[in-house]
Amino acid sequence: MRGFPIKVSAEAAAAHERALVIDLHNDALTKLTHMPYDFSRAHGPATFYNPTRMDLDIPRIRRGGIDALGCLMFSGFRIDPGRRRFWRQLDRARALASDHAGDLALARTAGDIRAAHAAGKIALFLGVEGSYAIDDDVEGGVARLGAAGVRFLGPLWERDSGSGTSCRTPAARDQGLTERGRALVRACNAAGILVDVSHASKKTFWDMIETSTAPVFSSHSGAAGVHQHPRNLDDDQIRVVAERGGVVGIIFVSPYLGGMFCSVERIADHIEHVVKIGGEDAVALGSDFDGFALLPRGMRDAADLPRLTEILWRRGWRQPELDKLLGENVLRYFATAA
(Lines give C-alpha, C1' and ligand atoms only; values in the text may rest on other atoms or scores of the structure.)
Protein backbone atom coordinates (compact mmCIF):
# COMPACT_ATOMS: atom_id res chain seq x y z
CA MET A 1 0.00 0.00 0.00
CA ARG A 2 2.90 2.36 0.70
CA GLY A 3 4.76 1.41 -2.48
CA PHE A 4 5.08 3.85 -5.37
CA PRO A 5 8.74 3.87 -6.38
CA ILE A 6 9.99 7.14 -7.83
CA LYS A 7 13.53 7.56 -9.11
CA VAL A 8 14.83 11.03 -8.36
CA SER A 9 16.89 12.38 -11.23
CA ALA A 10 20.24 14.07 -10.69
CA GLU A 11 18.73 17.36 -11.92
CA ALA A 12 15.79 17.28 -9.48
CA ALA A 13 18.05 16.15 -6.62
CA ALA A 14 20.39 19.07 -7.27
CA ALA A 15 17.48 21.54 -7.40
CA HIS A 16 16.16 20.18 -4.11
CA GLU A 17 19.59 20.41 -2.52
CA ARG A 18 20.05 24.03 -3.62
CA ALA A 19 16.76 25.13 -2.07
CA LEU A 20 16.25 26.07 1.58
CA VAL A 21 13.46 23.61 2.38
CA ILE A 22 10.82 24.43 5.00
CA ASP A 23 7.93 22.23 6.12
CA LEU A 24 5.32 24.22 8.04
CA HIS A 25 3.60 21.46 10.02
CA ASN A 26 4.40 18.27 11.90
CA ASP A 27 3.11 16.68 15.09
CA ALA A 28 6.33 15.09 16.30
CA LEU A 29 6.17 16.88 19.67
CA THR A 30 2.87 15.16 20.48
CA LYS A 31 4.40 11.73 19.94
CA LEU A 32 7.71 12.58 21.59
CA THR A 33 5.91 13.79 24.71
CA HIS A 34 4.20 10.43 25.13
CA MET A 35 6.78 7.84 24.09
CA PRO A 36 10.52 7.15 24.20
CA TYR A 37 12.26 7.68 20.89
CA ASP A 38 15.85 8.22 19.77
CA PHE A 39 15.55 11.23 17.48
CA SER A 40 19.21 10.94 16.48
CA ARG A 41 18.90 7.41 15.04
CA ALA A 42 17.67 6.55 11.55
CA HIS A 43 14.43 4.57 11.67
CA GLY A 44 12.99 2.74 8.70
CA PRO A 45 9.61 3.70 7.22
CA ALA A 46 6.60 1.59 8.08
CA THR A 47 5.73 -1.00 5.41
CA PHE A 48 2.05 -0.46 6.15
CA TYR A 49 0.26 2.44 7.80
CA ASN A 50 1.11 2.55 11.49
CA PRO A 51 0.03 5.69 13.38
CA THR A 52 2.44 4.97 16.24
CA ARG A 53 5.50 5.00 13.97
CA MET A 54 7.33 8.29 13.48
CA ASP A 55 8.01 9.94 10.14
CA LEU A 56 10.83 12.10 11.46
CA ASP A 57 14.29 11.66 12.92
CA ILE A 58 17.45 13.65 12.25
CA PRO A 59 18.94 11.28 9.63
CA ARG A 60 15.67 11.06 7.67
CA ILE A 61 15.17 14.82 7.86
CA ARG A 62 18.68 15.21 6.44
CA ARG A 63 18.00 12.67 3.68
CA GLY A 64 14.83 14.55 2.81
CA GLY A 65 16.81 17.77 2.50
CA ILE A 66 14.59 19.55 5.02
CA ASP A 67 16.18 22.62 6.60
CA ALA A 68 13.38 23.89 8.87
CA LEU A 69 10.35 22.32 10.50
CA GLY A 70 7.23 23.77 12.05
CA CYS A 71 6.73 21.74 15.24
CA LEU A 72 3.22 21.91 16.63
CA MET A 73 2.19 21.98 20.25
CA PHE A 74 -1.12 20.14 20.07
CA SER A 75 -4.00 21.46 22.16
CA GLY A 76 -6.96 19.37 21.10
CA PHE A 77 -8.46 18.57 24.48
CA ARG A 78 -10.12 20.65 27.18
CA ILE A 79 -9.43 18.46 30.23
CA ASP A 80 -6.80 19.54 32.75
CA PRO A 81 -4.39 16.66 31.99
CA GLY A 82 -4.58 17.77 28.37
CA ARG A 83 -3.48 21.25 29.38
CA ARG A 84 -0.52 19.85 31.30
CA ARG A 85 0.46 17.73 28.32
CA PHE A 86 0.19 20.80 26.11
CA TRP A 87 2.76 22.78 28.09
CA ARG A 88 5.03 19.71 28.39
CA GLN A 89 5.41 19.85 24.62
CA LEU A 90 7.18 23.19 25.01
CA ASP A 91 9.61 21.57 27.43
CA ARG A 92 10.08 18.71 24.98
CA ALA A 93 10.94 21.09 22.15
CA ARG A 94 13.54 22.84 24.26
CA ALA A 95 15.03 19.52 25.38
CA LEU A 96 15.12 18.28 21.79
CA ALA A 97 17.14 21.29 20.67
CA SER A 98 19.42 21.06 23.71
CA ASP A 99 20.03 17.31 23.47
CA HIS A 100 20.84 17.54 19.75
CA ALA A 101 22.47 20.96 19.67
CA GLY A 102 24.86 19.91 16.93
CA ASP A 103 21.96 19.26 14.57
CA LEU A 104 18.96 21.27 15.78
CA ALA A 105 18.28 24.90 16.69
CA LEU A 106 15.11 26.58 17.89
CA ALA A 107 14.09 29.43 15.60
CA ARG A 108 11.33 31.99 15.26
CA THR A 109 12.15 34.48 12.52
CA ALA A 110 13.23 34.15 8.90
CA GLY A 111 16.65 35.37 10.03
CA ASP A 112 16.84 32.63 12.66
CA ILE A 113 16.07 29.99 10.03
CA ARG A 114 18.69 31.33 7.64
CA ALA A 115 21.27 31.48 10.44
CA ALA A 116 20.57 27.89 11.46
CA HIS A 117 20.88 26.80 7.84
CA ALA A 118 24.20 28.64 7.48
CA ALA A 119 25.43 26.79 10.57
CA GLY A 120 24.41 23.43 9.10
CA LYS A 121 21.55 22.96 11.57
CA ILE A 122 17.89 22.07 11.17
CA ALA A 123 15.70 24.92 12.43
CA LEU A 124 12.67 24.07 14.59
CA PHE A 125 10.00 26.74 14.92
CA LEU A 126 6.94 26.36 17.13
CA GLY A 127 3.26 26.51 16.33
CA VAL A 128 0.08 25.74 18.27
CA GLU A 129 -2.79 23.62 16.99
CA GLY A 130 -6.01 24.44 18.83
CA SER A 131 -6.75 27.11 21.44
CA TYR A 132 -8.32 24.69 23.91
CA ALA A 133 -5.49 24.89 26.45
CA ILE A 134 -5.73 28.68 26.71
CA ASP A 135 -9.44 29.28 26.10
CA ASP A 136 -9.96 30.20 29.74
CA ASP A 137 -7.06 32.69 29.77
CA VAL A 138 -6.48 34.08 26.30
CA GLU A 139 -4.38 37.07 27.32
CA GLY A 140 -2.16 35.11 29.71
CA GLY A 141 -1.86 32.14 27.37
CA VAL A 142 -0.81 34.24 24.38
CA ALA A 143 1.67 36.15 26.53
CA ARG A 144 3.24 32.89 27.68
CA LEU A 145 3.38 31.53 24.14
CA GLY A 146 4.88 34.75 22.82
CA ALA A 147 7.55 34.72 25.53
CA ALA A 148 8.36 31.12 24.56
CA GLY A 149 9.01 32.16 20.97
CA VAL A 150 5.95 30.55 19.38
CA ARG A 151 5.70 31.59 15.73
CA PHE A 152 2.04 30.84 14.95
CA LEU A 153 -1.25 29.67 16.42
CA GLY A 154 -4.27 28.00 14.85
CA PRO A 155 -7.35 28.35 17.09
CA LEU A 156 -9.15 25.28 15.71
CA TRP A 157 -8.71 21.54 15.41
CA GLU A 158 -11.26 18.84 14.61
CA ARG A 159 -13.98 20.26 16.84
CA ASP A 160 -15.23 23.63 18.00
CA SER A 161 -13.19 25.49 20.57
CA GLY A 162 -13.94 28.49 22.75
CA SER A 163 -12.56 30.56 19.88
CA GLY A 164 -14.74 29.42 17.02
CA THR A 165 -16.28 26.75 14.84
CA SER A 166 -14.34 23.87 13.31
CA CYS A 167 -14.59 22.86 9.66
CA ARG A 168 -16.02 19.55 10.87
CA THR A 169 -19.17 21.24 12.22
CA PRO A 170 -22.15 21.20 9.82
CA ALA A 171 -22.60 24.50 7.98
CA ALA A 172 -26.01 25.04 9.56
CA ARG A 173 -24.32 25.28 12.98
CA ASP A 174 -21.38 27.41 11.84
CA GLN A 175 -21.19 30.28 14.32
CA GLY A 176 -17.84 31.58 13.15
CA LEU A 177 -15.31 33.27 15.40
CA THR A 178 -16.52 33.96 18.94
CA GLU A 179 -15.77 37.14 20.85
CA ARG A 180 -13.10 35.16 22.69
CA GLY A 181 -11.74 34.10 19.32
CA ARG A 182 -11.60 37.69 18.12
CA ALA A 183 -9.73 38.61 21.29
CA LEU A 184 -7.34 35.72 20.63
CA VAL A 185 -6.63 36.88 17.08
CA ARG A 186 -6.03 40.45 18.26
CA ALA A 187 -3.75 39.21 21.05
CA CYS A 188 -1.75 37.13 18.54
CA ASN A 189 -1.43 40.18 16.27
CA ALA A 190 -0.12 42.24 19.18
CA ALA A 191 2.36 39.52 20.19
CA GLY A 192 3.65 38.95 16.65
CA ILE A 193 2.19 35.43 16.58
CA LEU A 194 0.87 34.54 13.13
CA VAL A 195 -2.69 33.23 12.77
CA ASP A 196 -3.21 29.81 11.17
CA VAL A 197 -6.62 29.21 9.53
CA SER A 198 -6.22 25.43 9.26
CA HIS A 199 -9.25 23.49 10.58
CA ALA A 200 -11.44 26.61 10.65
CA SER A 201 -15.01 26.57 9.35
CA LYS A 202 -15.89 28.81 6.41
CA LYS A 203 -17.42 31.51 8.61
CA THR A 204 -14.59 31.29 11.14
CA PHE A 205 -12.09 31.65 8.30
CA TRP A 206 -13.73 34.82 6.97
CA ASP A 207 -14.05 36.22 10.50
CA MET A 208 -10.31 35.66 10.94
CA ILE A 209 -9.65 37.51 7.70
CA GLU A 210 -11.80 40.40 8.93
CA THR A 211 -10.30 40.49 12.44
CA SER A 212 -6.58 39.97 11.85
CA THR A 213 -4.45 43.00 11.09
CA ALA A 214 -1.64 40.73 9.87
CA PRO A 215 -1.87 38.31 6.92
CA VAL A 216 -3.16 34.90 7.93
CA PHE A 217 -1.96 31.61 6.46
CA SER A 218 -2.69 27.88 6.48
CA SER A 219 0.01 25.60 7.84
CA HIS A 220 -1.54 22.40 6.43
CA SER A 221 -4.51 22.30 4.07
CA GLY A 222 -5.41 21.04 0.62
CA ALA A 223 -7.21 22.68 -2.28
CA ALA A 224 -10.94 22.05 -2.57
CA GLY A 225 -10.66 22.74 -6.28
CA VAL A 226 -8.74 19.47 -6.60
CA HIS A 227 -10.56 17.41 -3.96
CA GLN A 228 -13.62 18.44 -1.99
CA HIS A 229 -13.03 17.91 1.73
CA PRO A 230 -13.96 19.97 4.83
CA ARG A 231 -10.26 20.48 5.57
CA ASN A 232 -9.47 21.98 2.17
CA LEU A 233 -9.62 25.65 1.17
CA ASP A 234 -11.82 26.75 -1.70
CA ASP A 235 -10.61 29.10 -4.43
CA ASP A 236 -11.97 32.24 -2.76
CA GLN A 237 -10.14 31.36 0.45
CA ILE A 238 -6.88 30.63 -1.37
CA ARG A 239 -7.22 33.87 -3.31
CA VAL A 240 -7.69 36.10 -0.26
CA VAL A 241 -4.83 34.45 1.64
CA ALA A 242 -2.60 35.10 -1.36
CA GLU A 243 -3.80 38.67 -1.89
CA ARG A 244 -2.99 39.54 1.71
CA GLY A 245 0.50 38.07 1.55
CA GLY A 246 -0.08 34.72 3.25
CA VAL A 247 0.79 31.21 2.15
CA VAL A 248 -1.04 27.88 1.92
CA GLY A 249 0.99 24.94 3.19
CA ILE A 250 -0.10 21.84 1.25
CA ILE A 251 -0.86 18.86 3.45
CA PHE A 252 0.33 15.33 2.57
CA VAL A 253 -2.60 13.39 4.10
CA SER A 254 -4.22 11.00 1.62
CA PRO A 255 -7.93 11.51 2.50
CA TYR A 256 -7.55 15.26 1.99
CA LEU A 257 -5.62 14.89 -1.26
CA GLY A 258 -7.87 12.53 -3.17
CA GLY A 259 -8.64 9.34 -1.29
CA MET A 260 -7.04 6.62 0.81
CA PHE A 261 -4.99 5.12 -2.01
CA CYS A 262 -3.86 8.23 -3.88
CA SER A 263 -0.20 8.74 -4.74
CA VAL A 264 2.33 11.48 -4.15
CA GLU A 265 1.30 12.89 -7.54
CA ARG A 266 -1.78 14.32 -5.83
CA ILE A 267 0.38 16.53 -3.61
CA ALA A 268 1.72 18.09 -6.80
CA ASP A 269 -1.86 18.53 -8.10
CA HIS A 270 -2.83 20.54 -5.01
CA ILE A 271 0.35 22.60 -5.19
CA GLU A 272 -0.30 23.50 -8.81
CA HIS A 273 -3.91 24.42 -8.11
CA VAL A 274 -2.85 26.90 -5.41
CA VAL A 275 -0.37 28.41 -7.88
CA LYS A 276 -3.12 28.66 -10.50
CA ILE A 277 -5.46 30.50 -8.10
CA GLY A 278 -3.10 32.44 -5.84
CA GLY A 279 0.17 32.65 -7.75
CA GLU A 280 3.57 31.07 -7.19
CA ASP A 281 4.22 33.19 -4.09
CA ALA A 282 1.26 31.70 -2.23
CA VAL A 283 2.21 28.03 -1.93
CA ALA A 284 4.33 26.15 0.60
CA LEU A 285 4.76 22.72 2.18
CA GLY A 286 2.72 21.66 5.22
CA SER A 287 3.15 17.90 5.34
CA ASP A 288 1.55 16.98 8.69
CA PHE A 289 4.26 14.35 9.21
CA ASP A 290 3.66 12.39 12.41
CA GLY A 291 0.06 13.58 12.37
CA PHE A 292 -1.48 10.15 12.99
CA ALA A 293 -2.66 10.19 9.38
CA LEU A 294 -2.15 8.13 6.23
CA LEU A 295 0.44 9.50 3.79
CA PRO A 296 0.01 8.99 0.03
CA ARG A 297 1.75 6.16 -1.78
CA GLY A 298 5.33 7.14 -2.53
CA MET A 299 5.68 9.46 0.49
CA ARG A 300 6.63 7.05 3.26
CA ASP A 301 8.28 9.61 5.55
CA ALA A 302 10.42 12.76 5.52
CA ALA A 303 13.25 11.07 3.63
CA ASP A 304 11.04 10.78 0.55
CA LEU A 305 10.47 14.53 0.11
CA PRO A 306 12.82 14.79 -2.93
CA ARG A 307 10.33 12.56 -4.76
CA LEU A 308 7.88 15.45 -4.77
CA THR A 309 10.51 17.73 -6.27
CA GLU A 310 11.14 15.09 -8.93
CA ILE A 311 7.44 14.98 -9.88
CA LEU A 312 7.32 18.77 -10.15
CA TRP A 313 10.55 18.76 -12.17
CA ARG A 314 8.93 16.35 -14.63
CA ARG A 315 6.00 18.78 -14.88
CA GLY A 316 8.28 21.62 -15.91
CA TRP A 317 9.09 23.30 -12.59
CA ARG A 318 12.59 24.75 -12.36
CA GLN A 319 14.78 26.35 -9.70
CA PRO A 320 13.08 29.73 -9.19
CA GLU A 321 9.60 28.22 -8.75
CA LEU A 322 10.90 25.31 -6.68
CA ASP A 323 12.83 27.66 -4.39
CA LYS A 324 9.64 29.58 -3.64
CA LEU A 325 7.55 26.48 -2.94
CA LEU A 326 10.18 24.69 -0.91
CA GLY A 327 10.99 27.55 1.43
CA GLU A 328 11.40 31.08 0.14
CA ASN A 329 7.66 31.84 0.28
CA VAL A 330 7.61 30.96 3.97
CA LEU A 331 10.71 33.04 4.65
CA ARG A 332 9.15 36.01 2.85
CA TYR A 333 5.90 35.58 4.79
CA PHE A 334 7.68 35.28 8.15
CA ALA A 335 9.76 38.37 7.39
CA THR A 336 6.87 40.60 6.32
CA ALA A 337 3.78 39.43 8.20
CA ALA A 338 4.78 40.21 11.78
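This passage looks at the packing of helices H7 and H8 and at the surroundings of Phe86 in a predicted model.

We may begin with the helix pair. Helix H7 spans residues 179-191 and helix H8 spans residues 202-211, and their axes come within 10 Å of each other, crossing at roughly 45°. Because of this angle, H7 counts as oblique to H8. The crossing of H7 past H8 is right-handed. On the H7 side, the contact is made by Arg182, Val185, Arg186 and Asn189, which meet Asp207, Glu210 and Thr211 of H8. Sorted by character, the residues of this contact comprise 4 charged, 2 polar and 1 nonpolar.

Helix H8 also has a buried side to its story. Its buried residues are Thr204, Phe205, Asp207, Met208, Ile209 and Thr211. Among them, Asp207 and Thr211 also take part in the meeting with H7. The partners against which the buried residues of H8 pack are H7, strand E6 (194-195) and helix H9 (235-243).

Turning to Phe86, this residue belongs to helix H4, which covers residues 80-99. With a relative accessible area of 1%, Phe86 falls under the 20% cut-off and is therefore buried. Which residues is Phe86 in contact with, leaving aside its neighbours within four places in sequence? They are Met73, Phe74, Ser75, Val128, Ala133 and Leu145. As for Leu257, its C-alpha lies 29 Å from that of Phe86, and the two residues are 171 apart in sequence.

Conventions:
Residues are numbered from 1 along each chain as its sequence is written. This is a predicted model: local features need pLDDT of at least 70, side-chain atom pairs count only at pLDDT 80 or more; totals for chains, interfaces and linings use all residues. Side-chain values use heavy atoms; hydrogens and water are left out. Axes are lines fitted to C-alpha atoms, for helices over the stretch in contact, and angles run from 0 to 180 degrees between N-to-C directions. Helices (H or I, at least four residues) and strands (E, at least two) are DSSP runs, numbered from the N terminus. Angles under 35 degrees count as roughly parallel, over 145 as roughly antiparallel, 65 to 115 as roughly perpendicular and the rest as oblique. A crossing is left-handed if the near helix is turned anticlockwise from the far one by less than a right angle, and right-handed if clockwise. Contact means heavy atoms within 4.5 Å. Ala, Val, Leu, Ile, Met, Phe, Trp, Tyr, Cys and Pro count as nonpolar, Asp, Glu, Lys and Arg as charged, and the others, Gly among them, as polar. Buried means under 20% relative accessible area, exposed over 50%, partly exposed in between (1.4 Å probe, protein chains only).
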